[in-house]
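Colleague: I've got a model open and I'd like to learn how to read it. Could you walk me through it, feature by feature?

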Amino acid sequence: MVGKVRPPPELVREWEREDEEFRELRRRSADWKFIEEQEPRVRLALIAYIETGDRYLAARLAGLTLGEFDELRVKAGVVCAT
Amino acid sequence: MMLGVADSCFLIDWARFGRRELLANLFEAIFVHEEVLAQLRSPSAVDFASRLLARGVLRLYPWSLAEEELYLRLRDEVALDPRIPSLERPDLLCLVIAYETGAVLLTENLGILRVIQFHPTFSRVTAWTALEVLEQLVYRELAEVRSVGDFLNLVAEYCEDAKHVFSRKRLEEAVERVRRWLAR
């Protein structure tokens, strides 16, 4: 059994600030009309991406590969942030 | 010239950049795992990867059993931490390759960047996002940048093409490094 390697609390606080900055950027960039017009599974995946920034999670939810989901992300106008 | 290893997120985003071909001028070889290639579907990403493979710049990495064990250990250590997103197998494999070879890891995966910030073993890996790659293009005079404004225009060009944004803090740090380099 391998032990967990945990990040220090000050780094976690920095990540939380970063997550909020990125989430806001994704929300503001999104074409919400386009998102609302999508079928439920795709809509859910795009919203999950906007809220979490996790491309793999969103791709899985949409039933797509990472590359296919990224095409969708661009159509929905959602920026990727790092 | 350096060695690089590119993950799916990086290749997908960089392939949208109008000046994407410049990447090949920075690296002697860029390793890629076959599971990363399997994630590429967009015409721009497939076309870009195919061109690099044909030129011998992008090379399939010969994955080993020892590396698979290292991946499993890393996955067990960090993959379930909810504060670190996107820690999926293809991109973790790239982190292992970068660790094993000393290659620069090219990634836009926030989770991978976070692991490198604190992991006692993997923090020795050098990771670049597109922002650091753009910086390197300046330092190696592969992009004509004579002022901070030129650099910001280059970054803006990438952001527009890739539908990408960089954190304010990281962008300010990069601008400061470029400013110092221009004033040398």
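Colleague: Let's start with a helix pair. Which residues in α8(B) meet which residues in α9(B)?

Modeller: Keep in mind that this is a predicted model. On the α8(B) side you have B:Val148, B:Phe151 and B:Leu152, and they meet B:Val175, B:Val178, B:Arg179 and B:Leu182 in α9(B). Sort the residues of that contact by class and you get 6 nonpolar, no polar and 1 charged.

Colleague: And how do the axes of α8 and α9 of chain B cross?

Modeller: Helix α8 (residues 148-162) and helix α9 (residues 168-182) of chain B have axes that come within 9 Å and cross at roughly 140 degrees. Angles over 145 would count as roughly antiparallel, so α8(B) is oblique to α9(B). As for handedness, α8(B) passes α9(B) in a right-handed crossing.

Colleague: Next, sheets. What is the strand order in the open sheet of chain B?

Modeller: The general idea: strands of a sheet pair through backbone hydrogen bonds, either parallel or antiparallel. Here, 5 strands of chain B form an open sheet in the order β3-β2-β1-β4-β5, with parallel pairing. At the edges sit β3 (58-60) and β5 (127-128) of chain B, each pairing on one side only.

Colleague: Over how many bridges do β4 and β5 of chain B pair?

Modeller: Strand β4 (residues 104-106) of chain B pairs with β5(B) over 2 bridges, in the parallel sense. To find the spot on screen, look for B:Leu105, whose bridge partner in β5(B) is B:Ala127.

Colleague: Which domains does chain B have?

Modeller: The domain assignment splits chain B into domain 1 (2-128) and domain 2 (130-182). Their C-alpha centres lie 21 Å apart. Across the boundary, 12 residues of domain 1 of chain B are in contact with 13 residues of domain 2. The domain 1 side of that contact divides into 7 nonpolar, 2 polar and 3 charged residues.

Colleague: Now the two chains. How many residues does each chain bring to the contact?

Modeller: In general, the size of an interface is often given as the accessible area lost when the parts come together. Here we can go by residues: chain B gives 31 and chain A gives 27. On the chain B side, α1 (8-14), α4 (65-78), α6 (110-118) and β6 (164-165) each supply at least two residues, with α6(B) providing the largest share, 5 residues. By class, that side has 12 nonpolar, 9 polar and 10 charged residues.

Colleague: Which strand of chain A pairs with β6(B)?

Modeller: That's strand β1 (residues 80-81) of chain A, which pairs with β6(B) in the parallel sense over 2 bridges. Look for A:Ala81: its bridge partner in β6(B) is B:Val165.

Methods
Residues are numbered from 1 along each chain as its sequence is written. Chains are lettered from A and ligands numbered from 1 in the order in which they are written. This is a predicted model: local features need pLDDT of at least 70, side-chain atom pairs count only at pLDDT 80 or more; totals for chains, interfaces and linings use all residues. Two strands pair if DSSP finds at least two bridges between them. Helices (H or I, at least four residues) and strands (E, at least two) are DSSP runs, numbered from the N terminus. Two residues are in contact if their C-beta atoms, placed from the backbone, lie within 7 Å. Ala, Val, Leu, Ile, Met, Phe, Trp, Tyr, Cys and Pro count as nonpolar, Asp, Glu, Lys and Arg as charged, and the others, Gly among them, as polar. Axes are lines fitted to C-alpha atoms, for helices over the stretch in contact, and angles run from 0 to 180 degrees between N-to-C directions. Angles under 35 degrees count as roughly parallel, over 145 as roughly antiparallel, 65 to 115 as roughly perpendicular and the rest as oblique. A crossing is left-handed if the near helix is turned anticlockwise from the far one by less than a right angle, and right-handed if clockwise. Domain bounds come from an automatic or database domain assignment.
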